[in-house]
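Colleague: I would like to learn how to read a model of this kind step by step, going from the overall fold down to single residues. Could we begin with the general picture and then turn to the details?

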Amino acid sequence: MKLAKIKSPSMAIGLTTAISTLFLGWVAMFGWGSYLVDVISSFYIGFSASFFGGIIGAIWWFVDGAIKGAVLGYFFHYFQEKKAK
């Protein structure tokens, strides 16, 4: 199986989750979604409703999303190849 088939969904999901978490962390500074940030910060150390907290959360979620995307991409292409045979 080619690495590019796994890398693409990995980067796509990683970037999407990182950008949305960065936005959530920054918007929560103004009170919107602060309860959600409190819940998420219990899992991801350093994530908070602040400028740097949003960046830390984005890094955490990029790694987490990239791992999940790699697993999803692997299984998707694994079953696609099985179906084609």
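Colleague: In what order do the elements of the protein chain run from the N terminus on?

Modeller: Please keep in mind throughout that this is a predicted model. From the N terminus on, the order is α-α-α, and the secondary structure amounts to three helices and zero strands.

Colleague: How should I read the overall shape, and what does the C-alpha trace of the protein chain span along its principal axes?

Modeller: One sets the radius of gyration beside the value expected for a globule with that number of residues, and then looks at the extents. For a compact globule of 85 residues the radius of gyration would be near 12 Å, whereas the protein chain has 16 Å. The C-alpha trace spans about 55 × 20 × 20 Å along the principal axes.

Colleague: Which share of the residues counts as buried, and which atoms supply 76% of the exposed area?

Modeller: Burial is judged from relative accessible area, with under 20% as the cut-off for buried. By that criterion 28% of the 85 residues of the protein chain are buried. The protein chain exposes about 6000 Å², and carbon and sulfur atoms supply 76% of that area.

Colleague: What share of the contacts between residues at least 6 apart joins residues at least 24 apart in sequence?

Modeller: Here one asks how far along the sequence the partners of a contact lie. Among contacts between residues at least 6 apart, 59% join residues at least 24 apart.

Colleague: Is threonine 21 buried or exposed, and which residues does threonine 21 contact beyond its neighbours in sequence?

Modeller: Threonine 21 lies in helix 1, which covers residues 3-27, and threonine 21 counts as buried because its relative accessibility is 6%. Leaving aside neighbours within four places in sequence, the contacts of threonine 21 are Phe47, Gly57, Ala58 and Trp61.

Colleague: Where is alanine 18 found, and how many residues separate alanine 18 from glycine 65 along the chain?

Modeller: Alanine 18 is also found in helix 1, and a relative accessible area of 9% is why alanine 18 is buried. Glycine 65 is 47 residues away along the chain, yet the C-alpha atoms of the two are separated by 7.7 Å. Apart from neighbours within four places in sequence, alanine 18 is in contact with Ala58, Trp61 and Phe62.

Colleague: Why does serine 10 count as buried, and what does serine 10 touch?

Modeller: Serine 10, found in helix 1, is buried because its relative accessible area is 7%. Not counting residues up to four places away in sequence, serine 10 touches Gly65, Ala66, Gly69 and Ala70.

Note on methods
Residues are numbered from 1 along each chain as its sequence is written. This is a predicted model: local features need pLDDT of at least 70, side-chain atom pairs count only at pLDDT 80 or more; totals for chains, interfaces and linings use all residues. Side-chain values use heavy atoms; hydrogens and water are left out. Helices (H or I, at least four residues) and strands (E, at least two) are DSSP runs, numbered from the N terminus. The radius of gyration is taken over C-alpha atoms; the globule rule is 2.2 Å times the number of residues to the power 0.38. Buried means under 20% relative accessible area, exposed over 50%, partly exposed in between (1.4 Å probe, protein chains only). Contact means heavy atoms within 4.5 Å. Accessible areas come from the Shrake-Rupley method with a 1.4 Å probe; for residues, only the protein chains shown count as cover.
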